[in-house]
2 protein chains.
Amino acid sequence: MFTLSEENYLKAIYHLELSSDKGISTNAIAEQLTTKASSVTDMIKKLSEKKVVVYKKYKGVTLTNTGKKIASNIVRKHRLWEVFLVEKLNFSWDEVHDVAEQLEHIKSPKLINQLDALLGFPTHDPHGDPIPDEDGNLKTIEKSLLSTLQKNESGICVGVDDSSSEFLQFLDKKGIILGKKITVLEKEDFDNSFAIQIDDKKLSISNKIANNLYIRKI
Amino acid sequence: MFTLSEENYLKAIYHLELSSDKGISTNAIAEQLTTKASSVTDMIKKLSEKKVVVYKKYKGVTLTNTGKKIASNIVRKHRLWEVFLVEKLNFSWDEVHDVAEQLEHIKSPKLINQLDALLGFPTHDPHGDPIPDEDGNLKTIEKSLLSTLQKNESGICVGVDDSSSEFLQFLDKKGIILGKKITVLEKEDFDNSFAIQIDDKKLSISNKIANNLYIRKI
DNA sequence: TTTAATTTTTAGACATGTCTAAAAAAATAT
DNA sequence: ATATTTTTTTAGACATGTCTAAAAATTAAA
Ligand SMILES: [Mn+2]
Ligand SMILES: [Mn+2]
Ligand SMILES: [Mn+2]
Ligand SMILES: [Mn+2]
């Protein structure tokens, strides 16, 4: 079995591999886990011995199939627990991450299967991120950044890129919630801000916001 | 905060204190946690520095009020999670303990409060053990061992003393479930076994069983 | 293509929690 | 009261996971 620390390394590498085709660098992992490169090297050697990563000195690291499976299972647990917290325990979407970071390490296949069933086999977590199935497959939906919409185009809000507590609370304040229809009324050239409409409400959002919100075009 | 290991020590001492008025011995703790006495001494020193136990060399250890509160909170979490697993995730009562051992260390007051509410503020876990409230108070009900019943007396099954998986599965097989009414039909002198009635079923149980089953006399 | 900057690895240290073996204290027996 | 047994503590070791500082390799610049 794998320790809590080993699991966190595998998960970090998994996330980094999703947005990179090369081997994952020691430094990138260190940054992701807010630890030091030297610690990463040590751990990578251990994971390599356990055959969950392929490692060649100075060349970065990649997950093996086994490693990928373990990592995606942790992500699966993380996201299922997030759904549970929101759907069953009245957490808001900005409160769930830290608790899920703990719960993702609980070891019990039955627990996860039953939780999945209790929640109605959800495919996405409260932030719009896909929940891997037991084999690690994830249902990707075609989503675009809100910033790619043209004037008078609309989309359904389906996810966030930055899911920090601050950003999520900001969205709450603005009334921006997953599932809502957003229409671009105006794109301002001078600062790339957007005038948008949600329900009957018109509001202005900065370019930074528009670059962190995913929508499904309609 | 307290590490997983520290929490397990506090919980062990808490359980041992419930059935002892003296200070808890190093050896007793070591046995409870299946570790070595020397390790216990080391840990006790640390817990003593943190003011959660009172320790005097060679004199055993007792929980301070702070220590008691922390320990009872862990027990609270353990038992609430056990209820959750049985009530919401279709676990049977012999499957919950090991998972609860992991879940009891999750840190999130909101999680526990909401879980408590979701479960309808239960007072007892699936094994009939009381769930401490937030201040550590536990609702004790007057319960007796089945073996103390006389011929023709009856009781409601309210708990088990031994809650090992094997014993619980044995009870399942016999149809003995918490909440059932049990009537003693006969006490056999030569082996202290009991002939009992549950629902319409008559069955014979050994003295060992009768000494591990709690009932509320009616 | 040599030099400089950056990244990665190694060497050595430290904290945590555990262990075995030996010493010290307490409890029990003679 | 002294000797023996049991319990508890100490001393020293080890595994895990982390760190800093220095060395080595790679990459970028001149
Ligand atoms: Mn999360
Ligand atoms: Mn999420
Ligand atoms: Mn239990
Ligand atoms: Mn229980």
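Student: How many salt bridges does the rule find across the interface of chain B and chain A?

Tutor: The rule finds two salt bridges across that interface. Please keep in mind that this is a predicted model.

Student: What makes the meeting of B:Glu95 and A:Lys110 a salt bridge?

Tutor: The side chains of B:Glu95 and A:Lys110 come to 2.9 Å, N to O. The rule asks for a side-chain nitrogen of Lys or Arg within 4 Å of a carboxyl oxygen of Asp or Glu, so the pair qualifies.

Student: Which other kind of pair does the rule find across the interface of chain B and chain A?

Tutor: There are six residue pairs in polar contact, with both residues at pLDDT 80 or more. On the side of chain B that touches chain A, helix H4 (65–89), helix H5 (96–103) and helix H6 (109–118) of chain B each supply at least two residues. That side of chain B divides into 11 nonpolar, five polar and four charged residues.

Student: How is the extent of the contact between chain B and chain A described?

Tutor: Chain B gives 20 residues to the contact, and chain A gives 20 residues. The area buried between the two chains is about 1,600 Å², and carbon and sulfur atoms give 69% of it. In chain B, the residues that lose the most area to chain A are B:Leu89, B:Gln102 and B:Lys110, together 29% of what that side buries.

Student: Why is an area quoted for an interface?

Tutor: The accessible area lost when the parts come together is often used to give the size of an interface.

Student: Why are A:Glu104 and A:Lys11 called a salt bridge?

Tutor: Their closest N and O atoms are 2.8 Å apart. This value is within the 4 Å limit for a Lys nitrogen and a Glu carboxyl oxygen, and therefore the name applies.

Student: What makes this pair a link between distant parts of the chain?

Tutor: A:Glu104 is in the loop between helix H5 (96–103) and helix H6 (109–118) of chain A, whereas A:Lys11 is in helix H1 of chain A. The two residues are 93 residues apart. Over all chains, the count by this rule comes to 20 salt bridges.

Student: Which residues are the closest to DNA strand D?

Tutor: They are A:Thr35, A:Lys46, B:Lys45, B:Tyr55 and B:Lys57, among the 20 residues that surround the strand.

Student: How do we know that A:Ser39 and B:Lys45 make polar contacts with DNA strand D?

Tutor: A polar side-chain atom of A:Ser39 is 2.7 Å from a phosphate oxygen of DNA strand D. For B:Lys45, the corresponding distance to a phosphate oxygen of that strand is 2.5 Å. The cut-off is 3.5 Å between N or O atoms, so A:Ser39 and B:Lys45 each meet it.

Student: To which parts of DNA strand D do the atoms within 4 Å of the protein belong?

Tutor: Sugar or phosphate accounts for 76% of these atoms, and bases for the rest. By class, the residues of the surface near DNA strand D are five nonpolar, 10 polar and five charged.

Student: What makes A:Tyr55 a polar contact of DNA strand C?

Tutor: An N or O atom in the side chain of A:Tyr55 is 2.4 Å from a phosphate oxygen of DNA strand C. This distance is within 3.5 Å, so the pair counts as a polar contact. B:Ser39 also has a polar side-chain atom 2.7 Å from a phosphate oxygen of DNA strand C.

Student: Which residues surround DNA strand C, and how do they divide by class?

Tutor: There are 20 residues around the strand, the closest being A:Lys45, A:Tyr55, A:Lys57, B:Thr35 and B:Lys46. The surface near DNA strand C has five nonpolar, 10 polar and five charged residues.

Key
Residues are numbered from 1 along each chain as its sequence is written. Chains are lettered from A and ligands numbered from 1 in the order in which they are written. This is a predicted model: local features need pLDDT of at least 70, side-chain atom pairs count only at pLDDT 80 or more; totals for chains, interfaces and linings use all residues. Side-chain values use heavy atoms; hydrogens and water are left out. Contact means heavy atoms within 4.5 Å. Buried area is the accessible area (1.4 Å probe) that two parts lose on being put together, summed over both. A polar contact is a pair of N or O atoms within 3.5 Å; within protein, one must be able to donate a hydrogen and the other to accept it, and residues adjacent in sequence count only if both atoms are side-chain atoms. Helices (H or I, at least four residues) and strands (E, at least two) are DSSP runs, numbered from the N terminus. Ala, Val, Leu, Ile, Met, Phe, Trp, Tyr, Cys and Pro count as nonpolar, Asp, Glu, Lys and Arg as charged, and the others, Gly among them, as polar. A residue is near a molecule or strand if one of its heavy atoms lies within 4 Å of it.
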